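The following exercises are to be worked with the sequence and the structure at hand. Each task is followed by a solution in steps.

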Amino acid sequence: MTTRAVEGWTLEPLKRFVGEASARLVLLMTPAGQVMAQHGFSRALDVMSAAALGTAIMASTAEIARQLGQPPFAAVTHQGERHGIFLAGVTTHRGAIVALVVYDLDVSSVGLVQLFFEQLRTELHAASPKTGVPKQVLAADFERQLSDSLDTLFGR
Amino acid sequence: MTRVRGVRGALLVSTADGLVVAEQLMEDVKGAALAALAASLANRLGRAMTAAGIGASVFWHLQCSEGALLVVPAPSGVLVVAIAEPEVNVGLARLELLRAAELVG
């Protein structure tokens with residue numbers, strides 16, 4: 001299983017998290033769905049779909065929370081028959097990151113993922129560069145940026 | 001369980017999720033971490049026992065340098081966990097854990 005990052009500072013915390021929590025798939029992305037790092041994906045199409053769906057879920061739950069007059073939910077978990085999905089936000093010096101974690105229920109658990117996610121959150125915050133503002137992706141550059149990111153994420 | 005001399009805390013853990021169901025722990029004990037790791041260990045031990053063909057686990061006693069972890073898996077999928085001092089009366093603590101597991105079902 002490969003772990004790759006577009007933003008280098010996310011790589012080591014992500015690798016540690018994957019090892020400790022026995023996660024099967026992980027995506028770190030911006031709330032707009034730009035992928036920063038991934039673990040376990042083998043196809044670019046899957047990454048793009050998962051990023052779009054993950055950020056959409058986060059946006060939907062944030063809106064539900066807003067309508068309930070609550071602060072945004074800290075995390076969303078879904079347990080299926082064989083896999084679990086965990087979605088949560090992380091605040092870093094480079095802005096908010098959304099993490100999507102998929103784990104097998106026979107090797108991990110929501111408790112284990114939650115436990116090591118707290119460590120990932122702390123490590124990402126500490127590792128994020130305090131200087132330099134992340135580049136805004138303009139519509140005109142979007143396709144090229146996406147293509148570059150996917151090349152990096154899949155080692156092309 | 002926590003009335004047994006030397007028991008520093010006890011908790012009920014959902015084995016499938018690794019989440020705390022109920023706890024009575026001293027302040028310095030991280031219940032959520034203990035629950036997640038104990039459940040993970042229970043799942044792995046369960047597989048090892050199945051592979052060894054020796055049936056389901058009934059009681060574990062993990063002796064550490066500064067204490068012990070005592071665990072009884074209840075049939076409902078809940079783990080009854082106690083953290084104890086090194087000098088705890090293990091026999092008495094085990095009886096209490098088994099009693100608690102029976103109550104939990």
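**Exercise 1.** Does A:Ser22 count as buried, partly exposed or exposed, and why?

*Solution.* The model is a predicted one.
Step 1. Count the C-beta neighbours: A:Ser22 has 17 of them inside 10 Å.
Step 2. Apply the cut-offs: a residue is buried with 20 or more such neighbours and exposed with 12 or fewer.
Step 3. A:Ser22 therefore counts as partly exposed.
Step 4. Locate the residue: A:Ser22 lies in the loop between helix 1 and strand 2 of chain A.
Step 5. Examine the backbone: the phi of A:Ser22 is near 50°, which is a positive value in a residue other than glycine.

**Exercise 2.** Determine which residues of helix 1 of chain A are buried, and state what covers them.

*Solution.*
Step 1. Helix 1 of chain A comprises residues 11-21, and its buried residues are A:Pro13, A:Leu14, A:Phe17, A:Val18 and A:Ala21.
Step 2. These residues cover an arc of only 135° around the axis, so they lie on the same side of helix 1 of chain A.
Step 3. Recall the general geometry: an α-helix has 3.6 residues a turn, so residues three or four places apart point the same way.
Step 4. The cover over the buried residues of helix 1 includes strand 1 (3-5), strand 2 (23-29), strand 3 (35-39), strand 6 (95-104) and helix 3 (110-127) of chain A.

**Exercise 3.** Describe the largest nonpolar core and the surroundings of A:Val113.

*Solution.*
Step 1. The largest nonpolar core contains 68 residues.
Step 2. Those with the most contacts inside this core are A:Ala23, A:Val26, A:Val113, B:Val81 and B:Ala82.
Step 3. Helix 3 of chain A contributes the most to this core, namely 8 residues.
Step 4. If neighbours within four places in sequence are set aside, A:Val113 is in contact with A:Ala21, A:Ala23, A:Phe86, A:Val101, A:Tyr103 and A:Ser108.

**Exercise 4.** How many residues does each chain give to the contact between chain A and chain B?

*Solution.*
Step 1. Chain A gives 5 residues and chain B gives 10 residues.
Step 2. On the side of chain A that touches chain B, 3 residues are nonpolar, 2 are polar and none is charged.

**Exercise 5.** Characterise the fold of each chain by its elements and its radius of gyration.

*Solution.*
Step 1. Chain A has 4 helices and 6 strands, in the order β-α-β-β-α-β-β-β-α-α along the sequence.
Step 2. The radius of gyration of chain A is 15 Å, close to the 15 Å that the globule rule gives for 156 residues, so chain A is as compact as a globular protein of that length.
Step 3. Chain B has 2 helices and 5 strands, which run β-β-α-β-β-β-α from the N terminus on.
Step 4. A compact globule of 105 residues would have a radius of gyration near 13 Å, and the 13 Å of chain B agrees with this.
Step 5. Buried residues make up 36% of the 156 residues in chain A and 31% of the 105 residues in chain B.

**Exercise 6.** Where is B:Arg94 found, and which residues does B:Arg94 touch?

*Solution.*
Step 1. B:Arg94 belongs to helix 2 (residues 90-104) of chain B.
Step 2. B:Arg94 has 18 C-beta neighbours inside 10 Å and therefore counts as partly exposed.
Step 3. Not counting residues up to four places away in sequence, B:Arg94 touches B:Phe59 and B:Leu70.
Step 4. B:Arg94 and B:Met1 are 93 residues apart in sequence, while their C-alpha atoms are 9.1 Å apart in space.

Note on methods
Residues numbered from 1 in each chain as written. Chains lettered and ligands numbered in written order. Predicted model: local features only at pLDDT ≥ 70, side-chain atom pairs only at ≥ 80, totals over all residues. Arc of directions from axis to C-beta. Contact = placed C-beta atoms within 7 Å. Core = buried A, V, L, I, M, F, W, Y, C linked by C-beta atoms within 7 Å. Nonpolar A, V, L, I, M, F, W, Y, C, P; charged D, E, K, R; others polar. Rg over C-alpha atoms; globule rule 2.2 N^0.38 Å.
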